[in-house]
Amino acid sequence: MTVVEGNDPAQERLRRWRLVLGGDAADGTGQELSGRDAAMDGALTALYGKGERPAAGRDRSAGLGASAPSVARWLGDIRTYFPTSVVQVMQRDAIDRLGLSALLLEPEMLEAVEADVHLVGTLLSLSKAMPETVKETARAVVRKVVEDLEKRLATRTRATLTGALDRSARVHRPRHHDIDWNRTIAANLKHYLPEHGTVVPERLVGHGRAARSVKKEVVLCVDQSGSMAASVVHASVFGAVLASMRSIDTRLVVFDTSVVDLTDQLADPVDVLFGTQLGGGTDINRALAYCQSHITRPAETVVVLISDLYEGGIRHEMLKRVEAMKGAGVQFVALLALSDEGAPAYDHEHAAALAALGVPAFACTPDLFPEVMAAAIERRPLPVPDAQKGHG
């Protein structure tokens with residue numbers, strides 16, 4: 001909510017409380033609203049109100065009604081009166097509280113909404129029910145969100161992982177142009193000759209040229225159960241970014257009780273997303289079995305499991321599979337979520353079992369993901385956020 005310059009601070013506090021409390025007889029503010037404030041109040045009441053209740057200077061009732069026009073007007077109102085971040089929260093609440101999912105199957109509605117990751121998740125869950133008249137509009141909405149995410153994440157991801165790949169490819173018999181002089185000097189300081197004022201290197205340290213061949217294989221194994229919608233969106237974008245790097249061979253696998261390999265669609269993350277099917281159960285063991293069967297160079301492979309760990313398959317087989325992959329040299333990463341929302345509800349017992357195998361399970365934001373992947377590629381400890389170090 002915006003503060004109107006010149007307003008008395010005490011009066012402004014009353015105004016804000018009146019908008020929060022909604023004007024019930026017991027709200028205690030005695031504050032009347034008019035103009036823009038009354039319109040804001042009406043938009044809030046339509047979503048968060050409880051039955052009919054009088055407003056200052058106007059009659060109104062809670063709820064948006066069942067018609068697409070009334071919802072479209074409401075969507076226009078909230079975009080007028082509230083910032084984008086608030087609009088996205090209110091849209092999410094409207095879908096959850098008022099059952100508006102079906103109305104998203106109308107092109108006019110899709111053109112009115114503020115697109116974000118959560119809306120994309122809702123659209124993907126409805127994709128199988130979409131009439132043909134809506135599909136192109138839905139794809140346009142999804143593409144806008146994907147392109148915004150790529151702009152935010154792609155450059156930093158490529159830069160971070162290129163550095164990690166170069167460091168992980170360090171060789172000890174480098175050609176002259178490949179010598180890393182800073183590391184070479186640091187590694188040979190004990191061979192400093194003070195009388196000559198120089199270091200005599202006994203061991204040269206350099207970088208291999210990552211572009212010559214595939215240096216690492218990355219497998220993204222993503223739970224597509226309904227609770228993982230935001231993670232599926234982000235994983236699809238990151239999968240496309242990784243697939244664009246010549247030095248990484250990327251595989252994207254999504255699963256519920258079945259397993260779908262979407263690797264051949266990684267050139268376009270929108271195609272990837274419409275190849276998913278949000279909802280259903282979870283069989284992590286089956287998904288990991290599929291991933292394991294496609295690993296050809298374990299010591300050069302990073303497997304990233306993105307799941308809340310609620311296993312509907314065979315628990316002990318899942319854990320044995322993780323242990324076997326680690327024993328073969330695979331770097332295994334377990335993310336409870338790949339989103340900005342933090343740690344979701346997850347299976348604590350399975351998280352603890354993975355931690356006992358040396359695989360901490362934690363929620364990862366999209367901004368942290370490049371650092372997590374860089375650490376996995378370089379085989380150093382993962383940057384688990386301090387607040388989550390007890391999750392495993």
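Select Phe238 first: with a relative accessibility of 1%, Phe238 counts as buried, because the cut-off for a buried residue is under 20% relative accessible area. The model on display is a predicted one.

**Stop 1: the aromatic pair**

Keep Phe238 selected and add Phe369. The two residues form a tilted aromatic pair, with 4.5 Å from centre to centre and 45° between the planes. A search of the whole structure finds one aromatic pair. Which helices hold the two rings? Phe238 belongs to helix 9 (residues 229–243) and Phe369 to helix 14 (residues 369–377), so the pair ties together parts that lie 131 residues apart in sequence. Phe369 is also buried, at a relative accessible area of 1%.

Next, display the surroundings of Phe369. Residues up to four places away in sequence being left out, Phe369 touches Leu220, Phe238, Val304, Leu335, Leu338 and Cys364.

**Stop 2: the nonpolar cores**

In soluble globular proteins, nonpolar side chains tend to be buried together. Select Trp74, Leu104, Val304 and Phe369, which have the most contacts inside the largest nonpolar core, a set of 83 residues. Then colour helix 7 (residues 132–168): with 11 residues, helix 7 gives the most to this core. Another core, of 26 residues, lies apart from it, and includes Cys221, Ala287, Val303 and Leu336.

**Stop 3: Val218 in strand 5**

Move to strand 5 (residues 216–223), where Val218 is placed. Is Val218 buried or exposed? Val218 has a relative accessible area of 0% and is buried. Its contacts, not counting residues up to four places away in sequence, are Leu242, Ile248, Asp249, Thr250, Arg251, Val302 and Met373. For a distance to draw in the viewer, take Val218 and Asp249: their C-alpha atoms are 6.1 Å apart in space, and the two residues are 31 apart in sequence.

**Stop 4: Leu309 and its backbone**

Select Leu309 in the loop that runs between strand 8 (301–306) and helix 12 (315–327). Leu309 is buried, at 1% relative accessible area. Showing the neighbours of Leu309 brings up Ile284, Leu336, Asp347, His350, Ala351, Leu354 and Ala361, residues up to four places away in sequence not being counted. Leu336, one of these neighbours, is also among the residues of the 26-residue core. Now add Tyr346: from C-alpha to C-alpha, Leu309 and Tyr346 are 6.0 Å apart in space, with their positions 37 residues apart in sequence.

The backbone of Leu309 also deserves inspection. Most residues other than glycine have a negative phi. Leu309 is not a glycine, yet its phi is positive, at about 70°.

**Stop 5: Arg379**

For another positive phi, go to the segment after helix 14, where Arg379 is found. What is the phi of Arg379? The value is about 55°, positive although Arg379 is not a glycine. Arg379 is partly exposed, with 41% relative accessible area, whereas Leu309 is buried.

**Stop 6: helices 1 and 2**

Select Asp37 in helix 2 (residues 35–48). At 17% relative accessibility, Asp37 counts as buried, since the cut-off is under 20%. Neighbours within four places in sequence aside, Asp37 is in contact with Arg15 and Leu19.

Then turn to Trp17, which lies in helix 1 (residues 9–21). Trp17 has 51% relative accessibility and counts as exposed, because exposed means over 50%. Which residues join Trp17 in a nonpolar patch on the surface? They are Val20 and Leu21, and the patch of three has about 310 Å² of accessible area together.

**Last view: the whole protein**

Clear the selection and display the full chain, coloured by secondary structure. The protein has 14 helices and 10 strands. Of its 392 residues, 48% count as buried. The protein exposes about 18700 Å², of which carbon and sulfur atoms supply 51%. Among contacts between residues at least 6 apart in sequence, 72% join residues at least 24 apart. The aromatic pair of the opening stop, Phe238 and Phe369, ties together parts 131 residues apart in sequence.

Note on methods: Residues numbered from 1 in each chain as written. Predicted model: local features only at pLDDT ≥ 70, side-chain atom pairs only at ≥ 80, totals over all residues. Heavy atoms only, no water. Patch = residues over 30% accessible without salt bridge, like charges linked within 9 Å, V, L, I, M, F, W, Y side chains within 5 Å. Areas by Shrake-Rupley, 256 points an atom, 1.4 Å probe, with all protein chains shown as cover. Salt bridge = Lys/Arg side-chain N within 4 Å of Asp/Glu carboxyl O. Helix = DSSP H or I, 4+ residues; strand = E, 2+ residues; numbered from the N terminus. Buried < 20%, exposed > 50% of the residue type's maximum accessible area, 1.4 Å probe, protein only. Core = buried A, V, L, I, M, F, W, Y, C linked by side-chain atoms within 4.5 Å. Contact = heavy atoms within 4.5 Å. Phe/Tyr/Trp six-rings, centres within 6.5 Å; stacked < 30°, edge-to-face > 60°.
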